[in-house]
Amino acid sequence: MAVSNCSNGPNMEASDRNRLLIKLARLYYEEDLTQSEIAERLRLSRQKVQRLLGEARSEGIVKIGIQPITGIFSDLEEGLEECYGLREAVVVETTSYNQESTVVREVGAGAAGYLLRIVQSEDRIVISWGASLQNMVEALSMKPPIDVQNVKVIQGLGGLGDPNNHMHASELTRRLAKVLHGEAFILPAPGAAASRAARDAFYNDQQTASVLQRARTANLAFMGIGAPRPESLLIREGRIVTWPELSELIQRGAVGDMNFHYFDGRGGLIASDLDARIIGLSLDEIKQTSHVVGVAGGSAKYKAIQGALLGKLVDVLVTDHVTAQQLLKSKDKQTGSIKLEAKA
């Protein structure tokens, strides 16, 4: 609550009235006196005190703001940063940890807030794909205009499925560039080619090669973190990898992927024929970006996120508070350190 020292000018009557309104407001809102106590103290009727307090609000002398707080997780953020060597952790509250559609919406909104805070003019942003990033872009589209200039948004992975789908990497790139009033650089290729030779043919294309080179020089990367699951879009789409192929990768220790490159529980690449067909940045190229933001949450992604953290694949993590708690508990078991709790 703010009480402002308003004045209607030199008129003594108006000045006296304003002085009274400010006095009433301070007694009621700052000193916590009741209306009856104020009435007795200032020799006014309680009804007049009530009326004048209403006028103080309607005339802008008193301004009351209510800021909803759904959760403060500074301890979790600090714990993740310390335990995993992160530049920053952004932890948002999830209202339904096991409901993937809810988690990606909440984590995506958190990523949108983070991007708004850090984005600067002249930034070169590479983006991958995924539901969390889709929700990040959708959340950004509902924010006020952003005051940055000459931002470049670069597609860091070829497309998957229908190019008109809002989750498609090309569409995410276009929409993010539009929100940031920047320029989009679209990768005119699928996420994975049918063979190494077909991938090489795409790489020899001048436009594809140019976009990938821009992606390698980006200073910011926003990456989704995937998990190997039979219900994933990667499997449903069916042209990149089959479930038997993915099952073999899981048997070899795969817990997650970034840009379709699979890694184990320590973040190490699990090499396969798939790597030679991917049209996009490799894990090593992503790690070379100076500021890599991983955006993921939910029960299905826990092992994948943990692997990405242990492998130092990301510098910043945006996730939900339950995943954050589990990541710290796991680290506590390894190190014997004191568990950090969230402030609710």
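Residues are classed by relative accessible area, with buried meaning under 20%, exposed over 50% and partly exposed in between (1.4 Å probe, protein chains only). The model is predicted, so local features need pLDDT of at least 70 and side-chain atom pairs count only at pLDDT 80 or more, while totals for chains, interfaces and linings use all residues. Residues are numbered from 1 along each chain as its sequence is written, and side-chain values use heavy atoms, leaving out hydrogens and water.

Two aromatic contacts open the picture: the structure holds 2 aromatic pairs (ring centres of Phe, Tyr and Trp, the last by its six-membered ring, within 6.5 Å; planes under 30 degrees apart are stacked, over 60 edge-to-face, the rest tilted). Tyr28 and Tyr29 meet edge-to-face, 5.0 Å centre to centre with 90 degrees between the planes. Tyr28 counts as partly exposed because its relative accessibility is 27%, and Tyr29, at 23%, also counts as partly exposed. Trp129 and Phe260 form an edge-to-face pair as well, at 5.7 Å and 75 degrees. Both Trp129 and Phe260 are buried.

Turning to helix α9 (residues 206-216), the buried residues are Thr208, Val211, Leu212 and Ala215; helices here are DSSP runs of H or I with at least four residues, and strands runs of E with at least two, numbered from the N terminus. Viewed down the axis of α9, its buried residues fall within an arc of 100 degrees, so they line one face of the helix; the arc is taken from the directions from the helix axis to the C-beta atoms.
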